[in-house]
Amino acid sequence: MTIGKFIVFEGIDGSGKSTHAALLKERLEKLGFTVYVTAEPSEGEAGKLLRRCLTGKSDLPEEAIAALFAADRVDHIKNSSFGILSHLEKGEIVLCDRYYFSSFAYNGSYSPMDWVIELNAPARRLLRPDLTIFLDIPPESFLSRIQNRSEKERYEKIEILKKVRENYFAAFRALPDEKVAVVSNARPLPEAAEEVFRAVLPLIESPNRA
Ligand code: TMP
């Protein structure tokens with residue numbers, strides 16, 4: 001059976017994950033690969049509930065949200081219609097916008113990170129990324145996108161994103177067996193896109209998943 005590659009994009013809000021996923025997809029398709037782009041929260045039942053929480057339409061405690069993200073992730077891996085494994089089994093390259101490091105960084109801001117890592121043990125057992133690409137931007141650069149908010153809201157949002165960014169790096173240190181490439185996206189897009197592609201090249205030059 002041919003097994004594809006699983007590549008995850010991570011980063012704080014506004015770091016350019018979906019832009020880079022689209023650029024990488026285009027480049028890989030030109031080389032003849034079949035590429036499937038997906039994101040978390042997933043389109044499944046748990047994912048739908050999470051979107052309601054994210055838009056303030058459902059009010060669950062932070063611990064329940066962290067557990068729901070972990071549950072959604074298992075569904076996203078195994079689901080027979082949109083599951084990541086079903087695409088990898090067809091030999092496709094799967095690009096995923098957010099995966100378990102998002103839980104460690106975001107949900108780990110409200111609950112102990114060790115506990116969030118434990119919650120995600122099933123996902124880590126089922127499917128580890130061949131590569132996680134962390135797109136790094138200074139949290140302050142998010143400011144331009146939230147200009148219509150009050151000074152207090154803007155300050156709070158920046159403080160949260162600073163904490164999330166620190167958590168990402170803490171999680172990378174805590175899990176040294178994960179393959180992570182940190183790519184600065186605080187520079188011209190073509191330069192960052194080239195570095196993303198260079199990080200992915202060794203994966204597509206070797207025929208099978210590790
Ligand atoms: P996005 O679709 O703009 O990336 O937003 C998803 C939001 O959900 C973002 O604020 C990060 C958050 N999130 C978590 O808190 N935990 C997770 O495990 C994931 C995947 C996302």
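This report walks through the ligand site of a predicted model, the pocket that holds the ligand, and two backbone features.

**Around the ligand**

Let us start with the neighbours of the ligand: its shell consists of D13, K17, E40, L54, F69, R73, R98, S102, S103, Y106 and N107. By residue class, five of these are charged, three are polar and three are nonpolar. Three side chains of the shell place a polar atom at the distances below from an oxygen atom of the ligand.

| Residue | Polar side-chain atom to ligand oxygen |
|---|---|
| K17 | 3.5 Å |
| R73 | 2.8 Å |
| S103 | 2.6 Å |

On its own, the ligand has 480 Å² of accessible area, and the protein covers 76% of that. Which elements give two or more residues to the shell? They are helix 3, spanning 62-78, and helix 5, spanning 100-106. Helix 5 makes the largest contribution to the shell, with three residues.

**The pocket**

If you are setting up a calculation on this site, it helps to know where the ligand sits: the space it takes is the largest pocket. That pocket holds about 860 Å³ of space. It is lined by 30 residues, and those closest to its centre are D13, L54, F69, R98 and Y106. These five names also appear in the list of residues around the ligand.

The lining divides into eleven nonpolar, ten charged and nine polar residues. At least two lining residues come from each of helix 1 (17-30), helix 2 (45-54), helix 3, helix 5 and helix 8 (151-174). Which helix gives the largest share of the lining? It is helix 3, with four residues. For the shell around the ligand, by contrast, the largest share comes from helix 5.

**Two backbone features**

Two spots in the backbone deserve a look, and both involve residues of the ligand shell. As background, most residues other than glycine have a negative phi, and most peptide bonds are trans.

The peptide bond that joins E40 and P41 is cis, with omega at about 0°. P41 is found in the loop that runs between strand 2 (35-39) and helix 2, while E40 is one of the residues surrounding the ligand.

The other spot is R98, which is not a glycine yet has a positive phi of about 80°. R98 belongs to the loop between strand 3 (93-97) and helix 5. This arginine is also part of the shell around the ligand, and it is among the lining residues closest to the centre of the largest pocket.

Conventions:
Residues are numbered from 1 along each chain as its sequence is written. This is a predicted model: local features need pLDDT of at least 70, side-chain atom pairs count only at pLDDT 80 or more; totals for chains, interfaces and linings use all residues. Side-chain values use heavy atoms; hydrogens and water are left out. A residue is near a molecule or strand if one of its heavy atoms lies within 4 Å of it. A polar contact is a pair of N or O atoms within 3.5 Å; within protein, one must be able to donate a hydrogen and the other to accept it, and residues adjacent in sequence count only if both atoms are side-chain atoms. Accessible areas come from the Shrake-Rupley method with a 1.4 Å probe; for residues, only the protein chains shown count as cover. On a 1 Å grid over the protein atoms alone, a cavity is a set of points where a 1.4 Å probe fits but cannot get out, and a pocket is an open set with protein on both sides within 12 Å along at least five of seven lines; lining residues have an atom within 4 Å of a point. A molecule sits in a cavity or pocket if more than half of its atoms lie within 2 Å of its grid points. Ala, Val, Leu, Ile, Met, Phe, Trp, Tyr, Cys and Pro count as nonpolar, Asp, Glu, Lys and Arg as charged, and the others, Gly among them, as polar. Grid points are joined across faces, edges and corners, and a volume is the space filled by probe spheres set on the points.
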